[in-house]
Amino acid sequence: MELDMQWDGNPNIVLDIQTTLGISLPVQVKNIGFTGTLRLLFKPLVAELPCFGAVCVSLREKSKVDFTLKVVGGEMTAIPGISDAIEGNNT
């Protein structure tokens, strides 16, 4: 079974990132969005209900993930070079 899926959430996740300079940098992850095709495989088939022994879940192809990163108290993507580095690696 394949399901086209789109999920948008607004969690409030704060990560405490340790930099190489020894400085702790609080980073907030917000507005997470996911778009992709979810593949469900029901196997092995068995005689008892629900007629399958397990469900394997995978993505059919590379999915698209969008999110917003903010340094707590500021916009992280305003730092030169950060926006390009993040956007090149978040899919």
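In this predicted model, Asp66 is partly exposed, its relative accessible area being 38%. Its partner in a salt bridge is Lys64, with 3.7 Å between the closest N and O atoms. Lys64 is likewise partly exposed, at a relative accessible area of 47%. This pair belongs to a set of 4 salt bridges in the structure.

A good place to look next is Glu2. Salt bridges with shared partners bring Glu2, Arg39, Arg60 and Glu61 together in one network. Glu2 pairs with Arg39, where the closest N and O atoms are 2.7 Å apart. This contact links distant parts of the chain, since Glu2 sits in strand β1 (residues 2-9) and Arg39 in strand β3, 37 residues apart. Glu2 also meets the side chain of Arg60 in a salt bridge, at 2.9 Å from N to O. Arg60 lies in the loop between β4 and β5 (64-71), so its pairing with Glu2 in strand β1 ties together parts 58 residues apart in sequence. The three residues are each partly exposed: relative accessibility is 38% for Glu2, 30% for Arg39 and 40% for Arg60.

The surface also offers a nonpolar patch of about 570 Å², made by Met1, Leu3, Phe42, Leu45, Val55 and Val57. Of these residues, Leu45 is found in the loop between β3 (24-42) and β4 (55-59). Leu45 is exposed, with 70% relative accessible area.

Finally, a word on the cysteines. The structure contains 0 disulfides. Cys51 is partly exposed, at a relative accessible area of 33%, and Cys56 is partly exposed, also at 33%.

Key. Residues numbered from 1 in each chain as written. Predicted model: local features only at pLDDT ≥ 70, side-chain atom pairs only at ≥ 80, totals over all residues. Heavy atoms only, no water. Patch = residues over 30% accessible without salt bridge, like charges linked within 9 Å, V, L, I, M, F, W, Y side chains within 5 Å. Areas by Shrake-Rupley, 256 points an atom, 1.4 Å probe, with all protein chains shown as cover. Helix = DSSP H or I, 4+ residues; strand = E, 2+ residues; numbered from the N terminus. Buried < 20%, exposed > 50% of the residue type's maximum accessible area, 1.4 Å probe, protein only. Disulfide = S-S within 2.5 Å.
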